[in-house]
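Thank you all for coming; I would like to spend a few minutes on charged side chains and on a pocket. Please have a look at the structure before I go on.

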Amino acid sequence: VQLQASGGGLVQTGGSLRLSCAASGNIFRIFDMRWYRQAPGKERDLVASITRGSATNYADSVKGRFTISRDNAKSTVYLQMNSLKPEDTAVYYCNANLQDRTWRTNDYWGQGTQVTVSS
């Protein structure tokens, strides 16, 4: 199983970016999907999560600015980030809790994508 994240980059304050993360491999079913971020010298924090039924949850710092969504047919989770601020600068990681075709359930991580917001 692999998670491939993409969509990061450099943007000015107030700009937008859309992150994508596609899961592939021996997957039977994907449960929760999440986005985390880690700024230099800080811990990795949960940004947003979405259940298989598309119930969502957000960190207070991104509510009203970020939107998480998913396409179950494509095994892909998205993070639309609007009104970006310099404090959003971090490496963003996707995470998926999934069941593979051997019926084992585990958490998997993507490789991280850098988001830099200039002031």
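By a salt bridge I mean a side-chain nitrogen of Lys or Arg that lies within 4 Å of a carboxyl oxygen of Asp or Glu. Please keep in mind throughout that what you see is a predicted model. With that rule, the count comes to six salt bridges, and Asp32, Arg34 and Asp107 are linked in a network of them.

Let me begin with that network, and in particular with the pair formed by Asp107 and Arg34, whose side chains meet in a salt bridge with an N to O distance of 4.0 Å. This pair links distant parts of the chain, since Asp107 sits in strand S10, residues 105-109, while Arg34 belongs to strand S4, 73 residues apart. How exposed or buried is each partner? Asp107 has a relative accessible area of 43%, so I call Asp107 partly exposed, whereas Arg34, with a relative accessible area of 16%, is buried, because buried here means under 20%.

The next pair also involves strand S4. Asp88 forms a salt bridge with Arg37, and the closest N and O atoms are 2.9 Å apart. Asp88 lies in the loop between strand S8 (76-81) and strand S9 (90-100), and Arg37 lies in strand S4, so this salt bridge ties together parts that are 51 residues apart in sequence. Both Asp88 and Arg37 are buried.

A further pair is that of Lys63 and Asp60, which form a salt bridge with their closest N and O atoms 3.1 Å apart. Asp60 is exposed, with a relative accessible area of 65%.

Now to the largest pocket, where Arg37 appears again. About 190 Å³ of space lies in this pocket, and 14 residues line it, with Arg37, Ala39, Lys42, Asp45 and Glu87 lying nearest its centre. Which strands each supply at least two residues of this lining? They are strand S4, residues 27-38, and strand S5, residues 45-50, and of the contributors it is S5 that gives the most, with three residues. As for the character of the lining of the largest pocket, its residues divide into six charged, five nonpolar and three polar.

To close, I would return to Arg37, which is among the residues nearest the centre of the largest pocket and which also forms the salt bridge with Asp88. I am happy to take questions.

How values were computed. Residues are numbered from 1 along each chain as its sequence is written. This is a predicted model: local features need pLDDT of at least 70, side-chain atom pairs count only at pLDDT 80 or more; totals for chains, interfaces and linings use all residues. Side-chain values use heavy atoms; hydrogens and water are left out. On a 1 Å grid over the protein atoms alone, a cavity is a set of points where a 1.4 Å probe fits but cannot get out, and a pocket is an open set with protein on both sides within 12 Å along at least five of seven lines; lining residues have an atom within 4 Å of a point. Grid points are joined across faces, edges and corners, and a volume is the space filled by probe spheres set on the points. Helices (H or I, at least four residues) and strands (E, at least two) are DSSP runs, numbered from the N terminus. Ala, Val, Leu, Ile, Met, Phe, Trp, Tyr, Cys and Pro count as nonpolar, Asp, Glu, Lys and Arg as charged, and the others, Gly among them, as polar. Buried means under 20% relative accessible area, exposed over 50%, partly exposed in between (1.4 Å probe, protein chains only).
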